[in-house]
Structure formats: C-alpha cells, structure tokens
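I sat down with this one to see how the pieces pack. Notes below, in the order I looked things up.

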Amino acid sequence: MSVSGQGADAAPDAVPDAVGGLEQLLLDPTRLTIVALVSATTWCEFAFVRDHARLSDSALSKQLTTLGNAELVEIRKGHVGKRPRTWVRATTAGRERLRAHLATLQQIADRAEHAAAARPDADAQPPHTG
Amino acid sequence: MSTPSPAEARDALARVREVRLDTAGSLRTPWWLWAALGAVLALVTAAEDFGSAVQEAASLGLGALTVAWAVAGRRSPRVAAASGALHRSALPGYAWLPVLLIGLAFGTLRFFAEPPVHRALTGSGMPAWIHDHPSTTTALPYAVLSVAVGLLINVVLRRMAHRAAAR
C-alpha cells in the first residue's frame, strides 16, 4: 500500500490568512465541498467523494492533489483484492483549518447581519465604496 | 487574497452544511437489509422444529450470507454504497453496532422468554400444528422485535450523525 499526498511541498497560496483565518484554497466552492465532505468521515473512498461532489475522476484527482499538497487531506492508495482503491481523509490540521475558515465565514455573515439589523431602514445591499 | 462578501460567506456555509447532512444521510442502511435480517433470524429459529441437521444447515447459511455480504461490500461499489461502506463515518461502528445489539437483544429475548413460551405452546389445548412447531410459531415475533430494535438503533445513530453534521 502506498501513501501519497503528504508531501512537504505545500502550495504557497494555502497559507492561512493571518487576519481572518480564511484559506485561499477553500474559497473555491469545489474544494470546500471536498474538504467538508471528507471531514465528516474518518476515511472515504474516492468514488464516494466523486459521486457526492459530482466531479469526474480526473477533476477530483486534480483537486485532491492540490488539497494533498496543501496538507488539507491525506490520500492513501491501496488494493481490495486485485482492484485499486483510493481513500481520502481530512488531516488533523486540515480539520482545524476548515474549522477556522468556517468560523471566519460565519463572522463575515454575522457582521453583515448585525450591520443590517442596526440599520433596518437601510438598503440590504452594502454601500458602494469605490 | 480576496475576502468573500457576506452573501458568498452564507453560500459557502450553506454548502458545507448541506454536504455534511448529505454525508450523514448516506449512513442510511436500506430497509430491506433489516427485513432480510429478520427473515433469516426467523428461518434459523424455525429450523429448530425440523431437526438438528436443518438447524445446522440454516446456521451455516446465515454464516455464508454474512460472509457474502461482507465480501460483496468490498467487491461491488453498489453493495458498498447500499451498506454505507464507501466511507467510514466519524461515528465509530455505526453499521456493526446495530447488528451486534440486534444479536444481543435476540439472544436475551430467547434466553428469558423461550422456556415459558415453549411450555405454553406445547401444552394441552393448542392446535396440533402449533404444538408440533413451537419454534416456527415464535420465530416471527422474535424476528420482528429484533429488527425493530435494529431500526430504532439505526434512527438514533442517524440523528446523532445529523446533529454532528449540523454543528
């Protein structure tokens, strides 16, 4: 059984935002879906992720390589009988980074909600700052 | 890095919640698996009325079915998907716990209830067929009760998974 996706070559854009805890990689909806999915399980099979994320094999493979390089997920390749299988799980650091990312998103949403509540007569659209 | 707008943040949070609930929902064990388990339990119990050879054959059949299910789950993606084997949930042993508890409930029920029930069914005043086949007569209620326990455990585990997913 070989293990991959745990390389030290983390993508430079995967460094968490020091201010908000946002992950650049997870701002992409597809990657966010994949990490949220695998973080809800201990291990899940490639086919399970592919079907639930509604991706092709090649698209998922590419995304998993990116997420693996950023050490958000761990990829394990093995065999069941003679058939090759790929298993994915969120790393401990990946779960923490997802949690921080979601907390920051929640803060952004809450802040906007509070601002709207404080100005009930104001337009729902944020003011144009340009 | 671009900061998402509040609408984008809300969309992303909703997406994560949906994905987690979907994953928790896929823990579902199909109803027919429980029905099949009930039928097999009933057949194994009823086999007692037909001699030890039939009972041994039924037990062997049950063992073979269990092994076949485990092997099929690893070989066939469809069976694996039906049994939830394509992922292992954050809830440990979600699939085996109900089966184990069903077995325990079934064994406990038989241990305590069978002697008096058997005496009553083989006593005088019972129709001849029931008198001759007490195990077959009790098989169905035993199986129904055991499967009901399994379904209840399944529902509880799914709710736990949903609660964890919604956090």
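**Helix H2 of chain A**

I started with H2(A), where A:Phe46, A:Ala47, A:Phe48, A:Val49 and A:Ala53 come out buried (buried is under 20% relative accessible area, exposed over 50%, partly exposed in between, with a 1.4 Å probe and protein chains only). Helices here are DSSP runs of H or I with at least four residues, strands are E runs of at least two, and both are numbered from the N terminus. Right after H2(A) I found A:Arg54 with a positive phi, near 55°.

**Ground rules**

This is a predicted model, so I kept in mind that local features need pLDDT of at least 70 and side-chain atom pairs pLDDT 80 or more, while totals for chains, interfaces and linings use all residues. Residues count from 1 along each chain as its sequence is written, chains are lettered from A and ligands numbered from 1 in the order written, and side-chain values use heavy atoms, leaving out hydrogens and water.

**The core**

Next I pulled up the largest nonpolar core, which has 34 residues; such a core is a set of buried Ala, Val, Leu, Ile, Met, Phe, Trp, Tyr and Cys residues joined through side-chain atoms within 4.5 Å. Among the members touching the most others are A:Ile34, A:Val38 and A:Val49. H1(A) gives the most to this core, six residues. Another core, of seven residues, lies apart from it and includes B:Ala42 and B:Ala139.

I then checked A:Val38: leaving out residues up to four places away in sequence, its contacts include A:Cys44, A:Val49, A:Val73 and A:Arg95 (contact is heavy atoms within 4.5 Å).

**A histidine inside**

Is A:His101 buried or exposed? It is buried, at 0% relative accessible area. A:His101 sits in helix H4 of chain A, and with the same sequence neighbours left out, it touches A:Gly21, A:Leu22, A:Glu23, A:Leu26, A:Leu27 and A:Leu32.

**Where the chains meet**

H1(A), residues 29-39, packs on H1(B), residues 6-25, at about 40° with axes 9 Å apart. Axes are lines fitted to C-alpha atoms, for helices over the stretch in contact, and angles run from 0 to 180 degrees between N-to-C directions. On the A side I noted A:Leu32 and A:Ala36, among others, and on the B side residues including B:Val16 and B:Val19.

**Aromatic pair**

Searching the whole structure, I got one aromatic pair over all chains. The rings of B:Phe111 and B:Phe112 have centres 5.0 Å apart and planes at 90°, so I logged the pair as edge-to-face (Phe, Tyr and Trp rings, the six-membered one for Trp, pair with centres within 6.5 Å; planes under 30 degrees apart are stacked, over 60 edge-to-face, the rest tilted). Both B:Phe111 and B:Phe112 are exposed.
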